[in-house]
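Got your viewer open and a hand on the mouse? Let's take a short walk through this model, one selection at a time.

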Amino acid sequence: KEVRWGDHNRTRLVCWKGELHTYKRMRTKLITINNDDDVLIVRKERSKYDYDEMMRTCRFMLAPRGDGLHSFRLLEIMSAGAVPVIISDTAMKPYGDLFDWSKFSLDVKEAKVGTIPAVVRGISLEQWTTMRNIGRCVYDKYFSSEETMLLLALEQTRQRIAKIQILCNGGDVNRKSSDAELHEQAPGSQGQERDNPETWLGTFKRMFN
């Protein structure tokens, strides 16, 4: 679900509203940092607070781990213009090899949940604004539609296949290759439009037929 953000007054510092039964041991610790003021951490089934409104009025929103590899809340938070605080020891960030998530999100280990208020208070309004703007830009460009997410998935596949081909050709896959090098190695790159989904889909269909 997308909650567009505007010039809302973000009066709270960090918020979360959710259920405790999923990965209960860690999520139960979240409730202990609530102060019912600028740190608002509430249980879904016992709260009068509206989650969409919380995303609009909080600078940081928590994205604790659940049963999956990453939390679906990440994109909700980014669409609302808040900065996600990812709480997990094992989470895989979406397209983590394409984006530097540290520029628009925070990582907190599960055992360090109690430090979250101090961590976010240490981030200035200027730093938060920069993180928020980068996150919003990433969301708009890559996650806001099915088409952009398809192109992103194809770009990730292109880079991975290019690295495999570099390795097979005797190159050093650990050396950071330029995008031009990866593009040159990618299948179907010659004379094709990288941002055309039909071109890429046709290329990958031919590869695996």
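Where does Asp-36 lie? Select Asp-36 and you'll land in the loop between α1 (24-31) and β2. Keep in mind as you look around that this is a predicted model. Check the backbone here: Asp-36 is not a glycine, yet it has a positive phi of about 55°. Is Asp-36 buried or exposed? With 53% relative accessibility, Asp-36 counts as exposed.

**Next stop: Leu-40**

Now select Leu-40, which sits in strand β2. Its relative accessibility is 0%, so Leu-40 counts as buried. Show what surrounds Leu-40, skip its neighbours within four places in sequence, and you'll find contacts with Arg-12, Val-14, Cys-15, Trp-16, Asn-34, Tyr-49 and Met-54. Try the distance tool on Arg-12 as well: the C-alpha atoms of Leu-40 and Arg-12 are separated by 7.6 Å, although these residues are 28 apart along the chain.

**Zoom out to the sheet**

Select the strands together. What order do they have? This is an open sheet of 5 strands, arranged β2-β1-β3-β4-β5 with parallel pairing. At the edges stand β2 (39-43) and β5 (106-108); each has a single partner strand, so one side of each is left without a neighbour in the sheet. Look along the sheet and you can follow its turn: neighbouring strands are rotated against each other by 25° on average, direction ignored.

Now highlight β1. Strand β1 (residues 12-18) pairs with β2 in the parallel sense over 5 bridges. Two bridge partners to pick out: Trp-16 goes with Ile-41 in β2, and Cys-15 goes with Leu-40, the residue you just visited. Turn to β3, which runs parallel to β1 and is joined to it by 3 bridges. Here Arg-12 has Cys-58 in β3 as its bridge partner. How many residues of β1 are buried? The count is 6 of its 7, so "mostly covered" is a fair description of β1.

**Into the cores**

In soluble globular proteins, nonpolar side chains tend to be buried together. Let's see what that looks like here. The largest nonpolar core has 23 residues, and Met-61, Met-78, Phe-99 and Phe-143 have the most contacts inside it. Colour β2, α2 (51-57), β3 (58-64), α3 (73-79) and α5, since each of these supplies at least two residues of this core.

Click Met-78 next. Not counting residues up to four places away in sequence, Met-78 touches Pro-84, Trp-101, Phe-104, Gly-135, Arg-136, Val-138, Tyr-139 and Phe-143. Apart from the largest core lies another one, of 22 residues, including Leu-20, Ile-41, Ile-116 and Met-131. You've already met Ile-41 as the partner of Trp-16.

**Last stop: two helices**

Finish by selecting helix α5 (residues 125-143) and helix α6 (residues 146-168). At what angle do α5 and α6 pack? The angle is about 90°, with their axes 7 Å apart. That makes α5 roughly perpendicular to α6.

Show side chains where the two helices touch: Lys-141, Tyr-142 and Phe-143 in α5 meet Thr-148, Met-149 and Leu-152 in α6. Sorted by class, this contact has 4 nonpolar, 1 polar and 1 charged residues. Leave Phe-143 selected for a final look: Phe-143 takes part in this helix contact, and Phe-143 is also one of the residues with the most contacts inside the largest nonpolar core.

Methods
Residues numbered from 1 in each chain as written. Predicted model: local features only at pLDDT ≥ 70, side-chain atom pairs only at ≥ 80, totals over all residues. Heavy atoms only, no water. Axes fitted to C-alpha atoms, helices over the stretch in contact; angles between N-to-C directions. Helix = DSSP H or I, 4+ residues; strand = E, 2+ residues; numbered from the N terminus. Parallel < 35°, antiparallel > 145°, perpendicular 65-115°, else oblique. Contact = heavy atoms within 4.5 Å. Nonpolar A, V, L, I, M, F, W, Y, C, P; charged D, E, K, R; others polar. Pairing = 2+ DSSP bridges. Core = buried A, V, L, I, M, F, W, Y, C linked by side-chain atoms within 4.5 Å. Buried < 20%, exposed > 50% of the residue type's maximum accessible area, 1.4 Å probe, protein only.
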